[in-house]
Amino acid sequence: EKNYNVKVNLMNESVGGWKSSDLLANYNTKIKGKDIDLMFYICPGSNDNSTGQTSYTANHHLLFQRFFDDYPEANLLVQMPLGPNEQSTWTGPCSLMPSWVDEAIESCGSSDRIAVSRIHEIVDWMKENGKRGRDFLANNINHYNDFVLRVYIQCALKAMFGDDYVAEIYE
């Protein structure tokens with residue numbers, strides 16, 4: 001509000017432990033009908049470890065499409081799911097999920113109204129450079145510690161505001 005001179009009305013309808021099917025149901029009961037200009041959508045990952053590609057992609061596609069039908073002037077910021085912690089046995093198809101979300105985005109036909117935050121690429125880079133899942137996980141499965149949460153938010157803000165967001169750190 002202070003930096004951009006806009007009024008922000010934040011509502012948090014997220015619930016930990018949910019899968020993509022739960023988020024789709026939640027849209028109809030808690031989000032639809034609210035006054036929304038921008039929806040920040042965090043894609044589930046490891047909680048959907050038993051959900052196949054067809055269902056996972058369809059759930060996101062339906063939610064994105066309903067949002068755009070219900071809010072023709074609003075935009076969507078999609079935070080990609082993070083990859084699995086290979087030191088955990090609870091990984092499922094997490095490493096494939098970003099491509100499934102990309103498929104849902106492309107199929108909804110409103111990709112010009114979607115900003116995508118690719119946090120998974122940063123976390124994958126950290127892993128390739130010697131970090132392990134337990135270095136940035138609070139519960140060793142899918143809850144990230146303070147460091148990765150800061151990266152998470154920075155990535156979302158960069159996706160939302162582009163190169164104008166704290167440009168000096170990208171020079």
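This is a short dialogue on reading the cysteines, the nonpolar cores and one histidine in a predicted model.

Biologist: How many disulfides does the model have?

Modeller: A disulfide covalently joins the sulfur atoms of two cysteines. Here the count is 0.

Biologist: Is Cys 108 buried or exposed? And Cys 155?

Modeller: The cut-off for buried is under 20% relative accessible area. Cys 108 is buried because its relative accessibility is 6%. Cys 155 has 13%, so Cys 155 counts as buried too.

Biologist: Next, the interior. Which residues have the most contacts inside the largest nonpolar core?

Modeller: Nonpolar side chains tend to be buried together in soluble globular proteins. In this model the largest such core holds 26 residues. Met 39, Tyr 41, Leu 63, Phe 64, Phe 67, Leu 76 and Val 78 have the most contacts inside it.

Biologist: Which elements supply at least two residues each?

Modeller: Helices H1 (20-31), H2 (53-70) and H3 (97-108) do, and so do strands E1 (38-42) and E2 (75-79). H3 gives the most, with 6 residues.

Biologist: What does Phe 64 touch?

Modeller: Set aside residues up to four places away in sequence. Phe 64 then touches Tyr 41, Leu 76, Val 78, Ala 104, Ile 105 and Cys 108. Another core, of 11 residues, lies apart from the largest one. Its members include Leu 82, Tyr 144, Val 148 and Cys 155.

Biologist: Where does His 60 lie, and is His 60 buried or exposed?

Modeller: His 60 lies in helix H2. Its relative accessible area is 0%, so His 60 is buried. Beyond neighbours within four places in sequence, His 60 contacts Ser 20, Tyr 41, Cys 43, Pro 44, Val 101 and Ala 104.

Notes: Residues are numbered from 1 along each chain as its sequence is written. This is a predicted model: local features need pLDDT of at least 70, side-chain atom pairs count only at pLDDT 80 or more; totals for chains, interfaces and linings use all residues. Side-chain values use heavy atoms; hydrogens and water are left out. A disulfide is a pair of cysteine sulfur atoms within 2.5 Å. Buried means under 20% relative accessible area, exposed over 50%, partly exposed in between (1.4 Å probe, protein chains only). A nonpolar core is a set of buried Ala, Val, Leu, Ile, Met, Phe, Trp, Tyr and Cys residues joined through side-chain atoms within 4.5 Å. Helices (H or I, at least four residues) and strands (E, at least two) are DSSP runs, numbered from the N terminus. Contact means heavy atoms within 4.5 Å.
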